[in-house]
Amino acid sequence: MSLEARFTSLERWVILPSSLAGGIALILLSAIVTGEVILRAMGIAVVGANEIGGVLLALLIFLAVGYTQSIGGHVSIEAVVNLFPPKGRLVCETLSNLICGGFSLVLAYTCTQEAYISHQRMEYQFGTMEFPLWPVKAVIAFGMALLVLAYACSLYRNALDFRKGTP
């Protein structure tokens, strides 16, 4: 199996399904918030809705961030970059992917450490209910790792474009 096929498989079987899980988190978050608003209007308190909403928000954001990168959905400074010739745009995109991938790698490592420390210390969020913090931190670390993989896929494609001589 070629390296390009491996990166395509990675996007298809790891990054895309994680974004679908993020989409499910969005649907669940919407249902919980809507249900909580309706029940509060009727004078019924929902225990744990804020804590569950926070977890779902983390899932929504960090499981979808890798997919957003893989389809080029992040904000970029296209007005400036488009002034460059095609080769210059490719250089800018490659540098951007290198810098952002490096930052994402540092964040993934740091988030993984934080999740581990949180698990070891048995940290809990206290609100209307006790909730362990390490699962949320682990999801954030996993999402950041997916983002690193998406940047790696982008960098590989940049390398192929450099080899072909076409952006």
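Author: A crossing of two helices is called left-handed if the near helix is turned anticlockwise from the far one by less than a right angle. The model considered here is predicted, and the crossing of its helices α1 and α2 is left-handed.

Reader: How is the packing of two helices described in general?

Author: Two values serve for a packed pair: the angle between the axes and the distance separating them. In this structure, α1 and helix α2 (residues 49-70) pack at an angle of about 150°, and their axes are 7 Å apart. Angles over 145 degrees count as roughly antiparallel, and α1 and α2 are therefore roughly antiparallel to each other.

Reader: Which classes of residue make up the contact of α1 with α2?

Author: That contact divides into 17 nonpolar, seven polar and three charged residues.

Reader: At what angle do helices α4 and α5 pack, and how far apart are their axes?

Author: Helix α4 (residues 86-121) packs against helix α5 (residues 134-164) at about 160°, with the axes 8 Å apart. This angle makes α4 roughly antiparallel to α5. The crossing in which α4 passes α5 is left-handed. By class, the contact of α4 with α5 holds 20 nonpolar, nine polar and five charged residues.

Reader: Which residues make the nonpolar surface patch?

Author: V91, L95, L98, I99, F103 and F162 make this patch, which covers about 570 Å². Helix α4 gives the most to the patch, with five residues; L98 is a residue of α4.

Reader: How should a salt bridge be understood, and how many salt bridges are counted here?

Author: In general, side chains of opposite charge can pair when their charged atoms come close. The count for this model comes to three salt bridges. One of them joins R157 and E11, whose closest N and O atoms are 2.8 Å apart.

Reader: Which parts does the pair of R157 and E11 tie together?

Author: R157 lies in helix α5 and E11 in helix α1 (residues 3-41), so the pair ties together parts that are 146 residues apart in sequence.

Technical notes:
Residues numbered from 1 in each chain as written. Predicted model: local features only at pLDDT ≥ 70, side-chain atom pairs only at ≥ 80, totals over all residues. Heavy atoms only, no water. Axes fitted to C-alpha atoms, helices over the stretch in contact; angles between N-to-C directions. Helix = DSSP H or I, 4+ residues; strand = E, 2+ residues; numbered from the N terminus. Parallel < 35°, antiparallel > 145°, perpendicular 65-115°, else oblique. Nonpolar A, V, L, I, M, F, W, Y, C, P; charged D, E, K, R; others polar. Patch = residues over 30% accessible without salt bridge, like charges linked within 9 Å, V, L, I, M, F, W, Y side chains within 5 Å. Areas by Shrake-Rupley, 256 points an atom, 1.4 Å probe, with all protein chains shown as cover. Salt bridge = Lys/Arg side-chain N within 4 Å of Asp/Glu carboxyl O.
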